[in-house]
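Colleague: Please take a close look at a single part of this structure and explain how that part is connected to its surroundings. A connected account, with the cut-offs behind each term, would serve me best.

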Amino acid sequence: GEVIGGVETFRDASTMVHDLERAKAIQELALQQEVPDDPRLTFTTHYVPHGIIGGDYYAIRKLDEDRYALMLADVTGHGIAAALYTMHLSSLWDRHHPLLVNPAEFTGKMNHELARVVKSDESFATAVCGLVDLDSRVFRYAGAGGPQVLLVHADGTHELLDTSGLPLAIMEDAPYQEESTKVQAGDRLLFFSDGAVEVRNAAGDLLGVDGLVGMLTDQGYPQTDIRMDALEEALLKHSNAIRLEDDLTLIEVRFHEL
């Protein structure tokens, strides 16, 4: 029962790391967004993968003079498999984003296509797919089990929008419901993946949406502009860890004069 020695083994992982770095570069290209300047609104994004590559995917596209399409999806887990699913989501987005004039139809199409790929797997993705219509001052969207969305008003009050629904790829012909909410000048829509709220402190307490709102309030939000780096730092401090346990994606849509 006495330990008198040990054996330590090493292996060269440089090739694997090099491949992951190449995959990261490809994934970052898929996440690059070229949103035209528009004095009526501002998009701010922040993405931090859990590892070299991640399992969150987001996209923003201008459809016409007054309408913007956007999507945020959170694939189960992280790592190579999750990252591969995000690339498939990117391909589906490129093909089908014009359908977002009808968010429920678009979400159903994405679900159907994704389910065909992952039907023999346990992976799935939660998502929110929306359309910002500046002419009618409405945000229309369909939820697929999350991620959650906060509508923050200029006076600091906020509403948590309902993004419930069946996650993508669980059932090939799942139905999805369109929801809508009015937006006004000074309002902000804040989208966030699970990495922003499923954060536990040293005592095991979950941050949750209320905790995230508290962090934003402490930073003077929304009277001051959102500071994504400072928010990430606050999340890390709460977690008492060197990195978050999940991928982190944050998207803010800020409405100016409409």
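Modeller: The account below begins with one strand and then moves to its sheet and its surroundings.

The model is a predicted one, in which local features require pLDDT of at least 70 and side-chain atom pairs count only at pLDDT 80 or more, whereas totals for chains, interfaces and linings use all residues. Residues are numbered from 1 along each chain as its sequence is written, and side-chain values use heavy atoms, with hydrogens and water left out.

The part chosen is strand β6, residues 148-152. Helices (H or I, at least four residues) and strands (E, at least two) are DSSP runs, numbered from the N terminus. Four of the five residues of β6 are buried, and the strand is thus mostly covered. Buried stands for a relative accessible area under 20% and exposed for one over 50%, with partly exposed in between (1.4 Å probe, protein chains only).

Strand β6 has partners in β9 and in β7. With β9 (residues 188-192) it pairs in the antiparallel sense over five bridges, and with β7 (residues 158-161) it does so over four bridges, again antiparallel. Two strands are said to pair if DSSP finds at least two bridges between them. In general, strands of a sheet pair through backbone hydrogen bonds, either parallel or antiparallel.

The residues of β6 can be followed across to these partners. Val152 stands opposite Arg188 in β9, and in β7 the bridge partner of Val152 is His158. Leu151 has Glu159 of β7 as its bridge partner. The hairpin of β6 and β7 has five residues between the strands, and Gly156 in this hairpin takes a positive phi near 95°.

From Arg188 the path continues to β10, where its bridge partner is Arg254. Strands β9 and β10 (residues 248-255) run antiparallel and are joined by five bridges. The result is an open sheet of five strands in the order β1-β10-β9-β6-β7, with antiparallel pairing. Its edge strands are β1 and β7, each of which pairs on one side only. On average, neighbouring strands of this sheet are turned by 15° against each other, direction ignored. For such angles, axes are lines fitted to C-alpha atoms (for helices over the stretch in contact), and the angles run from 0 to 180 degrees between N-to-C directions.

Two strands of this sheet, β9 and β1, also contribute to aromatic pairs. The structure holds four such pairs. Rings of Phe, Tyr and Trp (its six-membered ring) pair if their centres lie within 6.5 Å; planes under 30 degrees apart count as stacked, over 60 as edge-to-face and the rest as tilted. The rings of Phe43 and Tyr68 have centres 5.5 Å apart and planes at 55°, so this pair is tilted. Phe43 lies in β1 (residues 41-48) and Tyr68 in β3, 25 residues apart, so that the pair links distant parts of the chain. Phe43 counts as buried because its relative accessibility is 17%, and Tyr68 is buried at a relative accessible area of 0%. The rings of Phe139 and Phe191 have centres 5.8 Å apart and planes at 85°, so this pair is edge-to-face. It too links distant parts of the chain, with Phe139 in β5 (residues 138-144) and Phe191 in β9, 52 residues apart. Both Phe139 and Phe191 are buried, and ring pairs join them with Tyr141 into a cluster.

The nonpolar cores complete the picture. A nonpolar core is a set of buried Ala, Val, Leu, Ile, Met, Phe, Trp, Tyr and Cys residues joined through side-chain atoms within 4.5 Å. The largest has 25 residues, of which Met71, Leu89, Trp93, Phe106, Ala127 and Leu168 touch the most other members. At least two residues of this core come from each of β2 (56-62), β3 (67-75), α2 (80-96), α3 (103-118) and β4 (125-133). Apart from it lies another core, of 22 residues, which includes Tyr58, Ile60, Leu72 and Phe191. Phe191 of β9 therefore belongs to this second core as well as to the aromatic cluster.
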